[in-house]
Amino acid sequence: QVQLVESGGGLVQAGGSLRLSCAASGRIFTIGAMGWYRQAPGKQRGLVATITAGGTTNYADSVKGRFTISRDNNNNTVILQMNSLKPEDTAVYYCNARIWVVPGPSNDYWGQGTQVTVSS
């Protein structure tokens with residue numbers, strides 16, 4: 001069984017920073033792309049940022065220049081550093097990873113979500 005466990009959400013004032021962390025555990029052979037998505041009330045879940053196993057990153061236009069995604073392949077962890085937060089960043093943030101298990105095919109796995117609230 002593979003699990004993604006997120007941490008680091010919370011309440012912050014506009015202009016502040018938060019750091020989200022997501023650790024994958026279980027019978028993992030290898031991990032491909034990892035990423036963060038978010039879902040605000042009444043809206044669909046959407047991309048925040050992704051990072052490939054080789055370190056290539058991709059960001060939603062709304063977070064470029066403010067958020068930074070990184071990963072620690074030795075510890076199966078992905079980090080989202082969020083700076084200059086805005087009230088519109090308020091959402092539940094979900095970690096995602098494409099994981100090959102031992103033995104078996106790859107699947108997309110999701111964390112349970114962590115709430116980020118930015119007050120104005």
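In the hairpin that strand 5 makes with strand 6, 5 residues lie between the two strands, and Gly55 takes a positive phi near 100°; strands here are DSSP runs of E with at least two residues, numbered from the N terminus, while helices are runs of H or I with at least four residues. The pairing of strand 5 with strand 6 (residues 57-59) is antiparallel and rests on 3 bridges, where two strands count as paired if DSSP finds at least two bridges between them. Within this pairing, Ala49 has Tyr59 in strand 6 as its bridge partner.

The model is a predicted one, in which local features need pLDDT of at least 70 and side-chain atom pairs count only at pLDDT 80 or more, whereas totals for chains, interfaces and linings use all residues. Residues are numbered from 1 along each chain as its sequence is written, and side-chain values use heavy atoms, with hydrogens and water left out.

Strand 5 also has a partner in strand 4 (residues 28-39), to which 5 bridges join it in the antiparallel sense. These two strands form a hairpin as well, with 6 residues between them, and in its turn Gly42 has a positive phi of about 80°. Ala49, already met as the partner of Tyr59, is also the bridge partner of Trp36.

Thr50 belongs to strand 5 (residues 46-51), and its surroundings show what the chain brings together at this place. Leaving aside residues up to four places away in sequence, Thr50 touches Met34, Gly35, Tyr37, Thr56, Thr57, Asn58 and Ile69, where contact means heavy atoms within 4.5 Å. Gly35, one of these residues, is 15 residues from Thr50 along the chain, yet their C-alpha atoms are separated by 4.0 Å.

Ile69 leads on to strand 7 (residues 67-72), whose covered face holds Phe67, Ile69 and Arg71, while Thr68, Ser70 and Asp72 make up the uncovered one. Strand 7 runs antiparallel to strand 8 (residues 77-82), and 6 bridges join the two; in this pairing Thr68 stands opposite Gln81. The hairpin they form has 4 residues between its strands, and Asn76 lies in this loop between strand 7 and strand 8. Asn76 has a phi near 50°, a positive value in a residue other than glycine, and with a relative accessible area of 23% it is partly exposed. On this scale, buried means under 20% relative accessible area, exposed means over 50%, and partly exposed lies in between, with a 1.4 Å probe and protein chains only.

A similar description can be given for the loop that follows. Ser84 lies between strand 8 and strand 9 (91-101), and Ser84 has a positive phi of about 50° although it is not a glycine. Ser84 is partly exposed, its relative accessible area being 40%.

Towards the start of the chain, strand 1 (residues 3-7) has Leu4 and Glu6 on its covered face and Gln3, Val5 and Ser7 on its uncovered one. Strand 1 pairs in the antiparallel sense with strand 3 (residues 18-25) over 5 bridges, and Ser25 in strand 3 is the bridge partner of Gln3.

Strand 11 (residues 114-119) contains Val118, which is buried, with a relative accessible area of 6%. Not counting residues up to four places away in sequence, Val118 touches Val12, Gln13, Ala14, Leu85, Lys86, Pro87, Asp89 and Thr90. Val118 and Leu18, which are 100 residues apart in sequence, lie 9.9 Å apart in space from C-alpha to C-alpha.

Taken as a whole, the protein chain has 0 helices and 11 strands. Of its 120 residues, 42% count as buried, and among contacts between residues at least 6 apart in sequence, 56% join residues at least 24 apart. The C-alpha trace spans about 50 × 25 × 20 Å along its principal axes. The radius of gyration of the protein chain is 14 Å, which agrees with the value near 14 Å for a compact globule of 120 residues; this radius is taken over C-alpha atoms, and the globule rule is 2.2 Å times the number of residues to the power 0.38.
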